[in-house]
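Colleague: Please take a close look at the pockets of this model, and at the pocket lining in particular. Add what you can about a buried serine and the cysteines afterwards.

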Amino acid sequence: MKLNTYIKGIAVVAGAYILTSCAAGVDKTGVEYAPQMYHSIPYEGLVQITDKEAGRWLTSQEGGDAEFYTSNPNNPYEMNMRTTVANTVRRGESLPYRIPKDSIDLAGRVMKNPLPETDEVLAEGKVLFTRFCWHCHGDQGLGDGPVGQIFKGVTPYNSRAVKDKPEGHIFHVITHGKGRMGSHASQLSIEERWKIVRYVQTLQNQ
């Protein structure tokens with residue numbers, strides 16, 4: 001009887017130990033079953049373990065680095081990914097906008113919208129307009145948004161002074177701001193600004 005109780009006690013303690021050892025912590029993944037399936041042989045960009053003895057207890061091959069070592073000794077600081085070359089632009093993104101703030105006429109002459117005038121682009125432009133511009137400019141771009149009603153002087157898009165402004169002019173204003181309107185460059189990507197331009201042009205002719 002005492003033996004059975006003793007065995008049961010050991011089983012309970014062992015089970016509790018196994019369960020708690022599986023729990024993950026901030027710097028501990030817990031026990032891994034079939035860990036060779038978790039640790040990649042190829043270099044992984046977001047993983048960098050520089051300790052060449054990490055996981056030695058698990059290593060099945062003699063010699064060489066331990067199982068958990070994941071760094072690339074051929075790169076500076078043993079990084080798996082190299083830092084990008086200075087001033088490079090990620091594939092598919094637009095080049096940085098370099099026209100100075102005081103050259104709005106130049107922007108109006110040379111800047112052309114790279115996005116097609118499709119229903120999809122217009123719909124996305126409308127969403128962005130509602131999110132960032134509507135408060136001052138209103139639904140129809142008449143300057144009668146809730147903020148525009150309080151701070152008078154928001155020029156309607158269909159006014160004589162604005163309705164013929166080219167797409168480059170509109171993009172430049174969104175990027176650098178004009179008058180009381182601040183720059184939106186930190187809030188909107190270049191592509192998002194061009195989408196808003198497409199939608200604003202539909203309001204110029206209303």
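Modeller: For sorting a lining by class, Ala, Val, Leu, Ile, Met, Phe, Trp, Tyr, Cys and Pro count as nonpolar, Asp, Glu, Lys and Arg as charged, and the others, Gly among them, as polar. On that basis the lining of the largest pocket has 16 nonpolar, 8 polar and 3 charged residues. Note that this is a predicted model.

The volume of the largest pocket is about 780 Å³. Its lining is made up of 27 residues, and those closest to the centre are His-137, Val-154, Val-173, Lys-178 and Met-181. Four helices each give at least two residues to this lining: α4 (134–137), α5 (146–150), α6 (167–176) and α7 (190–204). The largest share, 4 residues, comes from α6.

The second largest pocket has a volume of about 450 Å³. Here 17 residues form the lining, and Ile-41, Asp-65, Ala-66, Glu-67 and Tyr-69 lie nearest the centre. Sorted by class, the lining of this second pocket has 6 nonpolar, 9 polar and 2 charged residues.

Now the serine. Ser-71 is found in the loop that runs between α1 (2–22) and α2 (104–110). Ser-71 counts as buried because its relative accessibility is 1%, and the cut-off for buried is under 20%. From its side chain there is a reach of 3.0 Å to the backbone oxygen of Ile-49. Leaving out residues up to four places away in sequence, Ser-71 touches Tyr-43, Gln-48, Ile-49, Thr-50, Glu-78 and Asn-80. Ile-49 therefore appears both as a residue that Ser-71 touches and as the one whose backbone oxygen the serine side chain reaches, given that contact means heavy atoms within 4.5 Å.

That leaves the cysteines. Searching the whole structure gives 0 disulfides. For Cys-133, the closest cysteine sulfur is that of Cys-136, and the two are not bonded because 8.8 Å is too far for a bond; a disulfide would need the sulfur atoms within 2.5 Å. Cys-136 is likewise in no disulfide, with the sulfur of Cys-133 as its nearest cysteine sulfur. In accessibility, Cys-133 is buried, at a relative accessible area of 11%, whereas Cys-136 counts as partly exposed because its relative accessibility is 31%.

Notes
Residues are numbered from 1 along each chain as its sequence is written. This is a predicted model: local features need pLDDT of at least 70, side-chain atom pairs count only at pLDDT 80 or more; totals for chains, interfaces and linings use all residues. Side-chain values use heavy atoms; hydrogens and water are left out. Buried means under 20% relative accessible area, exposed over 50%, partly exposed in between (1.4 Å probe, protein chains only). A polar contact is a pair of N or O atoms within 3.5 Å; within protein, one must be able to donate a hydrogen and the other to accept it, and residues adjacent in sequence count only if both atoms are side-chain atoms. On a 1 Å grid over the protein atoms alone, a cavity is a set of points where a 1.4 Å probe fits but cannot get out, and a pocket is an open set with protein on both sides within 12 Å along at least five of seven lines; lining residues have an atom within 4 Å of a point. Grid points are joined across faces, edges and corners, and a volume is the space filled by probe spheres set on the points.
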